[in-house]
Each structure stands twice: as structure tokens, then as C-alpha cells.
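Grab a pencil and have a look at the model below. We'll work through a few short exercises together, one step at a time.

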Amino acid sequence: MNAPDRYERFVVPEGTKKDTKIVNAASFTVEREDHTVGNILRMQLHRDPNVLFAGYKLPHPLQYKIIVRSSPTQAYTQAINDLDKELEYLKQAFEDEKNRYEDRMKQGF
């Protein structure tokens, strides 16, 4: 059989560290959110060229929170601010288009 030996999944090769700490990383708990916000936030963090690592996890399906981990920690705040601006822009663009549509309907188009 071509499958590797089972022990290879658990035994770390000699000279390799299994757990490496990421310098200047932090974990943030975001309450009452799920994969939707977690994935958007992770993607926004990855847009920053200074980010070495960004990820999130949902600790348990019955717990309504996500844990976001990123490095450097300053990128988290910047990502939140950037997403806030982007969502505000989308909201405004939607409202403008809705108003244009309503005006056209009033004019009989």
C-alpha cells in the first residue's frame, strides 16, 4: 500500500519543533458572531502586507463567538476600521441606487 505509516502523523521529525510561537500575535474574541464575520475579517487581515498570520475559529457550534488570531496585533484594529469604511460605502451605494430606482418608478419608467 502507498499510504505513509500511521505514526508519521504524530511523530515530529528529529530537529523540528512542533509548536512555534508567532511573535507579536494576539487572539481576540468576538461575541455573537459566526463564520460570516470570521471569514470576512480573516480575508481583510490577509490584505495587509504586514500580516504574517491571520485566522479564526469557532470554538463550538453551540457557542456564539469566534476567536480571531493575527500578527501583528495592530493589523486587527486597522482591518476592523477598513471593513467599517467598506461596509459604509456599500450601504451608501445601495441606498443611492434604491433612490434612483424609486425616482424612475415615480416618473413612470
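Here are three exercises on this predicted model, each with a worked solution.

**Exercise 1.** Work out how helices H1 and H2 are oriented to each other.

*Solution.* Start by finding the helices: H1 covers residues 35-47, and H2 covers residues 74-106. Next, look at their axes, which come within 9 Å and cross at roughly 110 degrees. Angles of 65 to 115 degrees count as roughly perpendicular, so that's the label for H1 and H2. Finally, add the handedness: the crossing is right-handed.

**Exercise 2.** Find the salt bridges and say where their partners sit.

*Solution.* First, the idea: side chains of opposite charge can pair when their charged atoms come close. Counting with a cut-off of 4 Å between nitrogen and oxygen, you get two salt bridges.

- Arg-47 pairs with Glu-86, with the closest N and O atoms 3.3 Å apart. Since Arg-47 is in H1 and Glu-86 in H2, this pair ties together parts that are 39 residues apart in sequence. Arg-47 is exposed at 52% relative accessible area, while Glu-86 is partly exposed at 33%.
- Glu-97 meets Arg-100 at 2.7 Å, N to O. Both lie in H2, three residues apart, or about one turn of the helix. Glu-97 is partly exposed at 46%, and Arg-100 is partly exposed at 48%.

**Exercise 3.** Decide whether Leu-87 is buried or exposed, and name its patch partners.

*Solution.* Leu-87 lies in H2. Its relative accessible area is 55%, and exposed means over 50%, so Leu-87 is exposed. Now add the partners: Leu-87 forms a nonpolar surface patch with Tyr-89 and Leu-90, and together they have about 370 Å² of accessible area.

Key:
Residues are numbered from 1 along each chain as its sequence is written. This is a predicted model: local features need pLDDT of at least 70, side-chain atom pairs count only at pLDDT 80 or more; totals for chains, interfaces and linings use all residues. Side-chain values use heavy atoms; hydrogens and water are left out. Patches are made of residues with over 30% relative accessible area and no salt bridge: like charges are joined within 9 Å, nonpolar side chains (Val, Leu, Ile, Met, Phe, Trp, Tyr) within 5 Å. Accessible areas come from the Shrake-Rupley method with a 1.4 Å probe; for residues, only the protein chains shown count as cover. A salt bridge is a side-chain nitrogen of Lys or Arg within 4 Å of a carboxyl oxygen of Asp or Glu. Helices (H or I, at least four residues) and strands (E, at least two) are DSSP runs, numbered from the N terminus. Buried means under 20% relative accessible area, exposed over 50%, partly exposed in between (1.4 Å probe, protein chains only). Axes are lines fitted to C-alpha atoms, for helices over the stretch in contact, and angles run from 0 to 180 degrees between N-to-C directions. Angles under 35 degrees count as roughly parallel, over 145 as roughly antiparallel, 65 to 115 as roughly perpendicular and the rest as oblique. A crossing is left-handed if the near helix is turned anticlockwise from the far one by less than a right angle, and right-handed if clockwise.
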